[in-house]
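Biologist: I'm new to this one and would like a close look at a single part. Please take me through the largest pocket and whatever packs around it.

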Amino acid sequence: MKIVFAGTPDFARVALQRLLDAGFTVPLVLTQPDRPAGRGMKLQASPVKQCALEHGIAVAQPRSLRLDGKYPEDAAAARDALVAAGADAMVVAAYGLILPQWVLDLPARGCLNIHASLLPRWRGAAPIHRAIEAGDAETGVTIMQMDAGLDTGDMLLIEKTAIGPRDTTATLHDRLADLGGRMVVEALERAARVGLAATPQPAEGVTYAHKIEKAESAIDWALPAESIGRRIRAFDPFPGASTTLDGEAIKVWSYEIDNTMPADSMPCGQILSVNDAGVTVACGHGTLRLTTLQRAGGKRLPVADFLRGFALAPGMVLGGGAPAGARE
């Protein structure tokens, strides 16, 4: 079976490699244009492009696939490349461009999407982050037959995985990428042998995983400790949960729930204790012990190492805090 693959980040690279390892012919890969990255802001190829070039696969990088859009010449060139590829199906994983109807209709077996959630929960751009942030007990991968809607197509395969109390977006991403790669290979092999039953998504339980914005990274110490903790894990590795002290940004990468210290009368964000085990901070309900911190331009450090270069002490208030007595 000939497959055109469309994807951009490392999540998609895992799936592309799995398809190649399984023996599928991939004559063409679509991926996002090279972007500036790193300290020098040099143009960098996406992980999917790098994988494709390593295997000698032709790569197309249209800025749009809309023939009547802003870049019609890109879309026309992509159309010619897709027609020439003559693929039986297209596999899409975190591509980053909307597929217009002409693309959906082109392959005989249509377009299959690898989506990192249990649809219809967490349709949209950031399903892994939002599942952790919301405190979901489980998530998974859905292989979906794509239609013109936003992650609304019929479900072909679905598998679950638990979200552990220490899972971050980084750890869950890697687990779901492996799961998605295995599942899409299974879906295509089953489709070729006996076909796949398509199940419409239920109308109930629809939620949307909106794109993560940098502005969300600021920690609101008035929230409960459990909620802040989930956001710390959800925003690792991007954009990172952060707070401030005297105008200097501090990123928080790991924590423990620590309700051993009374905090009800303390202002939200006030540091209650400091030692090599962590920095305990009063929250809207409960306390957090911060265990891995990072200064702007620095590295992630265990709190004992962080404190050697950044003095923190009980009574200081992070993030500007709230005046004493302002606790809700």
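Modeller: Helices and strands here are DSSP runs (helices: H or I, at least four residues; strands: E, at least two), numbered from the N terminus. You're looking at a predicted model, where local features need pLDDT of at least 70, side-chain atom pairs count only at pLDDT 80 or more, and totals for chains, interfaces and linings use all residues. Residue numbers run from 1 along each chain as its sequence is written, and side-chain values use heavy atoms, with hydrogens and water left out.

Now the pocket itself. A pocket is an open set of points on a 1 Å grid over the protein atoms alone where a 1.4 Å probe fits, with protein on both sides within 12 Å along at least five of seven lines; lining residues have an atom within 4 Å of a point. The largest pocket holds about 1600 Å³ of space, volume being what probe spheres set on the points fill, with points joined across faces, edges and corners. It has 41 lining residues, and Ala94, Tyr95, Gly96, Ala125 and Ala126 are the closest to its centre.

Which helices and strands each supply at least two residues of that lining? They are strands E6 (89-93) and E7 (111-115), plus helices H5 (127-134) and H6 (169-193). H6 gives the largest share, with four residues. Sorted by class, the lining has 24 nonpolar, 12 polar and five charged residues (Ala, Val, Leu, Ile, Met, Phe, Trp, Tyr, Cys and Pro are nonpolar, Asp, Glu, Lys and Arg charged, the others, Gly among them, polar).

Ala94 deserves a second look. You'll find Ala94 in the loop between E6 and helix H4 (101-105), and its phi is positive, about 50°, although Ala94 is not a glycine. Past the other strand of the lining, E7, the chain enters a loop that leads to strand E8 (123-124) and contains Pro120. Leu119 and Pro120 are joined there by a cis peptide bond, with omega of about 15°.

On to the two lining helices, H5 and H6. Their axes come within 10 Å and cross at roughly 125° (axes are lines fitted to C-alpha atoms, for helices over the stretch in contact, and angles run from 0 to 180 degrees between N-to-C directions). The pair is therefore oblique, since under 35 degrees counts as roughly parallel, over 145 as roughly antiparallel, 65 to 115 as roughly perpendicular and the rest as oblique. The crossing is right-handed, meaning the near helix is turned clockwise from the far one by less than a right angle; anticlockwise would be left-handed. On the H5 side, Ile128, His129 and Ile132 meet Thr169, Leu172, His173 and Leu176 of H6, where contact means heavy atoms within 4.5 Å. That makes four nonpolar, three polar and no charged residues in the contact of H5 with H6.

Each of these helices has another partner. H6 packs with helix H1 (residues 10-21) at an angle of about 35°, the axes being 8 Å apart, in a right-handed crossing. From H1 come Asp10, Phe11, Val14, Ala15, Arg18 and Leu19; among the H6 residues they meet are His173, Leu176, Asp178, Arg182 and Leu188. The classes in the contact of H1 with H6 are nine nonpolar, two polar and four charged residues.

H5, for its part, packs with helix H7 (residues 225-234) at about 160°, again with the axes 8 Å apart. H5 and H7 are therefore roughly antiparallel, and they too make a right-handed crossing. His129, Ile132, Glu133 and Ala134 from H5 meet Arg230, Arg231, Arg233 and Ala234 from H7. Here the count is three nonpolar, one polar and four charged residues. Following the chain out of H7, you get a loop to strand E12 (241-245), and Pro237 sits in it. Asp236 and Pro237 share a cis peptide bond, with omega of about 20°.

One last stop is the second largest pocket, with about 200 Å³ of space. Its lining includes Thr8, Pro9, Asp10, Gln32, Arg35 and Pro47, and by class the lining splits into four nonpolar, four polar and three charged residues. Asp10 links two parts of this tour: it lines the second largest pocket and also belongs to the H1 side of the contact with H6.
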